[in-house]
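I opened this notebook to keep track of what I looked up, entry by entry. The notes begin with a single residue and widen from there.

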Amino acid sequence: MLGEVAATGRRPAREELDARRELGERAAGAGYGLGALVGAHLAAARAALGGRTAPDRATAAVERASEQAVDAFAEGYERAWRPAVRQEEAARREFVDGLLLGRGGPERPAGPAVGHGPLPDGSHAVAVARAAAPYADGSPQVRRLERELAGAVLLAAKEGLLVCVAPSGAGGGDGDGVLAEFAHRAGALSGPGGLVAVGRPHPGPGGVAASYEEALGALGLADRLGLAGPLLRAADLLVFPVLTRDRAALADLVLTVLGPLRAGRGGAVPLLETLTAYFDAGCVAAEAARRLGLSVRALTYRLERIHSLTSHDPADPPARYTLQTATLGARLLNWPTDPLP
């Protein structure tokens, strides 16, 4: 076609462009890459020009015909590619949902984006990324991460979160190297306020679900306790599930130790905020006062008032441990905002 265009200056016929579209569909279905095929079209255009360097009517006609042919080819390619991508994404969602619910088996969906995903055999760890804007399957963000991580993980968007499943031993003894890289890259894409939580490695298909639940739990703790990100590890937060395992006992501790703070001026909230800042500052009064916008003298007075009301001295190690545990419990139970039985 280009040879005739160069010789006569004619435009490509409709049936010739339709043939390009059909060939594009066939190429997509056969799994050929679009970049290499476009390169082949451009090479054919250069051959048709026959080494011409100066612009003339033949050159302009060939360039115009080449552009139309490539556009038609790419249109057909994309027309066939989009349904395949949607099918691939649906298969991946189903596969990931099965893993996260503990129903995973050795089967996995076919397709270039999921064919390199980890099987549920062995141990796996799960990381969950959260951004200001929800993640979506097939979005440029997700596809970019897939390319950057080079198939070492299984990625999928679920309920606005981005889930990453990595096999144990990928990039480290427990997959931590890959997940840390995922956290770094996901954090860069998420922007300010982004947070990534990583569960511990667990064996078998059920282990993926267990690690996923741990990662979600870490996100929940970050919201309730104001934990700093951008990366949280469930392995570093094991004390909190222990505290919340017996909710009745935790509520009893909070009410018994901190309940008397309700008799303070302004109620329990200002004194509870004082304890939170004091413990978060490593029990350094000057730093806690700075965080609260108080003078050191005012902070010291509040700590003395807490001692007087609760009979627990924040300066005494055993009493400090009791107060700190009760303070964490109050934050976990959202007390005193939410009433306790």
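**Entry 1: Ser211**

I looked up Ser211 and found it in helix α7 (residues 204–225); helices here are DSSP runs of H or I with at least four residues, strands are runs of E with at least two, and both are numbered from the N terminus. Before going on I noted that this is a predicted model, in which local features need pLDDT of at least 70 and side-chain atom pairs count only at pLDDT 80 or more, while totals for chains, interfaces and linings use all residues. I also noted that residues are numbered from 1 along each chain as its sequence is written, and that side-chain values use heavy atoms, with hydrogens and water left out.

Is Ser211 buried or exposed? Its relative accessibility is 0%, so I entered Ser211 as buried (under 20% relative accessible area is buried, over 50% exposed, and in between partly exposed, with a 1.4 Å probe and protein chains only). Leaving aside residues up to four places away in sequence, I listed what Ser211 touches: His124, Ala125, Val126, Gly199, Arg200 and His202, a contact being heavy atoms within 4.5 Å.

**Entry 2: strand β1**

I turned next to strand β1 (residues 123–130), where six of the eight residues are buried, so the strand is largely enclosed by the rest of the structure. Which strands does β1 pair with? I counted strands as paired if DSSP finds at least two bridges between them.

- With strand β3 (residues 161–167), β1 pairs in the antiparallel sense over six bridges, and Val128 stands opposite Val163 there.
- With strand β4 (residues 195–198), β1 is joined by four bridges, again antiparallel, and Ala129 has Val196 as its bridge partner.
- With strand β5 (residues 202–203), β1 is joined by two bridges, also antiparallel, and His124 has His202 as its bridge partner.

I noted that His124 and His202 also appear among the residues touched by Ser211.

**Entry 3: Phe279 and its ring partner**

I then went to Phe279, which lies in helix α10 (residues 268–280) and is buried, with a relative accessible area of 9%. Not counting residues up to four places away in sequence, Phe279 touches Arg320, Leu323, Gln324 and Thr327. For Thr327 I recorded that it is 48 residues from Phe279 in sequence, while their C-alpha atoms are 9.1 Å apart in space.

How many aromatic pairs are there? Taking rings of Phe, Tyr and Trp (its six-membered ring) as paired if their centres lie within 6.5 Å, with planes under 30 degrees apart called stacked, over 60 edge-to-face and the rest tilted, I found the count to be one. The rings are those of Tyr278 and Phe279, with centres 5.8 Å apart and planes at 55°, so the pair is tilted. Both Tyr278 and Phe279 are buried.

**Entry 4: the chain as a whole**

I closed with the totals: the chain has 13 helices and six strands, and of its 341 residues 42% count as buried. Among contacts with a separation of 6 or more, 66% are between residues 24 or more positions apart.

For confidence I looked up the pLDDT, the predictor's confidence in each residue from 0 to 100; its mean over the chain is 82, and 86% of the residues reach 70 or more. Over residues 105–118 the pLDDT is below 50, although this stretch has 30 contacts in the model beyond near neighbours in sequence. Residues 170–175 also have pLDDT below 50, with 14 contacts in the model beyond near neighbours in sequence.
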